[in-house]
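Me: I've got a fold open on my screen and I'd like to learn how to read its sheet and its cysteines. Can you walk me through it?

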Amino acid sequence: MKIVPCAFQLPNGEMLTVRSLCADDAEALNAFRLATYRETHFMARYPEDGASLEAMQKGLAGSEASALNFEVGAFAGEKLVGEFGVAQVRPHIKYRHRAVMGISVRKEDWGCGLGSYLMQLAIDQTRTNGFEQLELGVCSDNTRAIHLYEKFGFERCGTTPHAFKLKDGTYRDEIMMVKML
């Protein structure tokens, strides 16, 4: 689905365009994800796990055509600096009330309020789409993200031990969080 485009002003005065992503944004999204995968171990993938451009285009086209799922990006000019996606957990009757989300912001834009802005947008649109709860998983040592999620009313509902195995052989637990809408 497409959201109504909006704007976000960075502390330095620069205006970001926040809009739905479409298949034509696959290259920008791919570059963004590869960059965020390199910046921190908090992401679910490493750069070498990246999807093919064709798969990314197909996924974005599917999201754009969906009545419920949405993928949104924040652009500084042509550069994608933040994004989030929300998708129904499953289309089966018992699951239709649940959505899952992922969100990321380039490290250079941490601390400017963009994550909060995108999170509120995700919550509002998820509620508008009729979902009753929004779920996410977060790396247990990602304290900044956990603080953000708790600020928006997400509660911890479980932990998966050793959910992520890093390249150095260490593990991180995944904290599952949920927000009732």
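**Strands, a helix and some cysteines**

Reply: Let's start with one pair: M15 in strand 2 is the bridge partner of Q9. Strands here are DSSP E runs of at least two residues, helices are H or I runs of at least four, and both are numbered from the N terminus. Before going on, note that this is a predicted model, where local features need pLDDT of at least 70, side-chain atom pairs count only at pLDDT 80 or more, and totals for chains, interfaces and linings use all residues. Residues are numbered from 1 along each chain as its sequence is written, and side-chain values use heavy atoms, leaving out hydrogens and water.

Me: How many bridges join strand 1 to strand 2?

Reply: Two strands pair if DSSP finds at least two bridges between them. Here strand 1 (residues 6-9) and strand 2 (residues 15-20) run antiparallel and are joined by four bridges. They form a hairpin with five residues in between, and G13 in the turn has a positive phi of about 95°. Strand 2 also has four bridges to strand 3 (residues 70-76), again antiparallel, with T17 opposite F75.

Me: In what order do the eight strands form the sheet?

Reply: The order is 1-2-3-4-5-6-8-7, in an open sheet with mixed pairing. Strand 1 and strand 7 (155-165) are at the edges with a single partner strand each, so one side of each has no neighbour in the sheet. For angles, axes are lines fitted to C-alpha atoms (for helices, over the stretch in contact), and values run from 0 to 180 degrees between N-to-C directions. Neighbouring strands in this sheet are turned by 25° against each other on average, ignoring direction.

Me: Which strands does helix 1 touch?

Reply: Contact means heavy atoms within 4.5 Å. Helix 1 (residues 26-39) packs on the sheet and touches strand 3, strand 4 and strand 5, its direction making about 95° with that of strand 4. As for strand 4 (residues 79-88), seven bridges join it to strand 5 (residues 98-105), running antiparallel, and E83 stands opposite S104.

Me: And how many disulfides does a search of the whole structure find?

Reply: A disulfide is a covalent bond between the sulfur atoms of two cysteines. The cut-off is a pair of cysteine sulfur atoms within 2.5 Å, and the search finds zero.

Me: Why is C112 without a bond to C6?

Reply: The closest cysteine sulfur to that of C112 is in C6, 14 Å off, which is too far for a bond. C139 is in no disulfide either: the nearest cysteine sulfur, in C157, is 16 Å away.

Me: Is C139 buried or exposed?

Reply: Buried means under 20% relative accessible area, exposed over 50%, and partly exposed in between (1.4 Å probe, protein chains only). C139 is buried at 3%, and C112 counts as buried at 17%.
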